[in-house]
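Below are some notes on the model you sent round. They are numbered so that you can reply point by point.

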Amino acid sequence: LARVTASVTGVFFTTLNIILADLSAHTGREAEVFGKSGAAYGIAFLVGPLVGGILERFKLSLAVYVSTVLMIANLFYIGYFLPETCVNVISSSGSRTIEDSVLNRVKSFSIKSVNINPIPSAARLFRDPILSWLALSFMVDGLAVGGLQSIFFLYVNLKFQWTSAEVGYFFSMHGLSLIVSQ
């Protein structure tokens with residue numbers, strides 16, 4: 001169940017990058033905005049595992065409950081306070097209208113109106129030599145990160161007898177390195 005939730009919520013970074021691209025487009029601050037996003041990710045990677053490791057010492061499931069509450073709070077914040085980032089989209093007639101914004105398109109979404117077969121889209125993606133290498137690099141990166149998340153604790157627990165708190169401290173140091181590199 002945890003792996004399914006992680007996979008479903010893994011679209012967070014893609015969505016965040018789209019929102020940041022929309023908000024910073026043509027401002028001359030694109031690099032600054034994405035740099036701050038990377039630093040914020042590093043801070044979250046520093047604080048999250050550290051707090052999770054501390055909470056685990058009180059009760060094993062406490063960190064899961066706290067992160068669930070934070071995720072629900074984020075969901076409500078996004079739903080109520082995040083503005084539409086792309087209100088001036090081009091409609092099918094070629095004019096720019098707010099009626100064709102992403103928010104309105106999501107409201108009228110119907111599974112029957114969408115072709116959910118990924119094979120034709122993937123085939124088009126891999127026909128382009130540049131995009132195919134980019135997609136391949138994202139797939140390899142995702143596989144590596146997924147593997148790390150799945151087996152790291154098991155490995156260090158078996159090899160070094162680390163507890164989940166110590167793994168949290170390790171990932172906090174990784175978060176610190178992300179902050180420094182951004």
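1. Fold order. Read from the N terminus onwards, the elements follow the pattern α-α-α-α-β-β-α-α-α-α. That is 8 helices and 2 strands in the protein. Please keep in mind that this is a predicted model, and that every value below is computed from it.

2. Burial and surface. The protein has 182 residues, of which 15% are buried. Its accessible surface comes to about 14,000 Å², and carbon and sulfur atoms account for 71% of that area. As for contacts between residues at least 6 apart in sequence, 44% of them join residues at least 24 apart.

3. Nonpolar patch. Which residues form a nonpolar patch on the surface? They are Ile72, Phe76, Tyr77, Ile78, Tyr80, Phe81 and Leu82, and together they have about 810 Å² of accessible area. Phe76, one of these residues, lies in helix α4, which covers residues 62–81. The relative accessible area of Phe76 is 48%, so Phe76 is classed as partly exposed, the cut-off for exposed being over 50%.

4. Aromatic pairs. The whole structure contains 9 aromatic pairs. One of them joins Tyr41 and Phe45: the ring centres are 5.7 Å apart and the planes stand at 75 degrees, so this pair is edge-to-face. The angle qualifies because planes over 60 degrees apart count as edge-to-face. Both residues belong to helix α3 (residues 30–58), where they are 4 residues apart, about one turn of the helix. Tyr41 has a relative accessibility of 35% and therefore counts as partly exposed.

5. Aromatic cluster. Tyr41 and Phe45 are also part of a cluster linked by ring pairs. The other members of this cluster are Phe152, Tyr155, Phe160, Trp162, Phe170 and Phe171.

6. Ser172. This residue sits in helix α8, residues 164–181. Is Ser172 buried or exposed? Its relative accessible area is 1%, so Ser172 is buried, given that buried means under 20%. The side chain of Ser172 reaches the backbone oxygen of Leu46 at 2.7 Å. Leaving aside neighbours within four places in sequence, Ser172 is in contact with Phe45, Leu46, Pro49 and Leu50. Phe45 thus appears twice in these notes, as a contact of Ser172 and as a member of the aromatic cluster.

7. Ser132. A second serine to look at is Ser132, which is placed in helix α7 (residues 129–160). With 14% relative accessibility, Ser132 also counts as buried. Not counting residues up to four places away in sequence, Ser132 touches Leu125 and Phe126.

8. Salt bridges. How many salt bridges does a search of the whole structure find? There are 2. In one, the side chains of Glu32 and Arg29 meet at 3.3 Å, N to O. In the other, Glu32 is joined to Lys36, with the closest N and O atoms 2.9 Å apart. Arg29, Glu32 and Lys36 are thereby linked in a network of salt bridges. As background, side chains of opposite charge can pair when their charged atoms come close.

9. Setting of the network. Glu32 and Lys36 are 4 residues apart in helix α3, so about one helical turn separates them. At 37% relative accessibility, Glu32 counts as partly exposed. Arg29 is partly exposed as well, its relative accessible area being 42%.

10. Positive phi at His26. His26 is not a glycine, yet its phi is positive, about 60 degrees. Most residues other than glycine have a negative phi. His26 is found in the loop between α2 (12–24) and α3. Its relative accessibility is 80%, so His26 counts as exposed.

11. Positive phi at Gln161. Gln161 is a residue other than glycine with a positive phi, near 60 degrees. Where is Gln161 placed? Gln161 is in the loop between α7 and α8. At 56% relative accessibility, Gln161 counts as exposed.

Terms used:
Residues are numbered from 1 along each chain as its sequence is written. This is a predicted model: local features need pLDDT of at least 70, side-chain atom pairs count only at pLDDT 80 or more; totals for chains, interfaces and linings use all residues. Side-chain values use heavy atoms; hydrogens and water are left out. Patches are made of residues with over 30% relative accessible area and no salt bridge: like charges are joined within 9 Å, nonpolar side chains (Val, Leu, Ile, Met, Phe, Trp, Tyr) within 5 Å. Accessible areas come from the Shrake-Rupley method with a 1.4 Å probe; for residues, only the protein chains shown count as cover. A salt bridge is a side-chain nitrogen of Lys or Arg within 4 Å of a carboxyl oxygen of Asp or Glu. Buried means under 20% relative accessible area, exposed over 50%, partly exposed in between (1.4 Å probe, protein chains only). Contact means heavy atoms within 4.5 Å. Rings of Phe, Tyr and Trp (its six-membered ring) pair if their centres lie within 6.5 Å; planes under 30 degrees apart count as stacked, over 60 as edge-to-face and the rest as tilted. A polar contact is a pair of N or O atoms within 3.5 Å; within protein, one must be able to donate a hydrogen and the other to accept it, and residues adjacent in sequence count only if both atoms are side-chain atoms.
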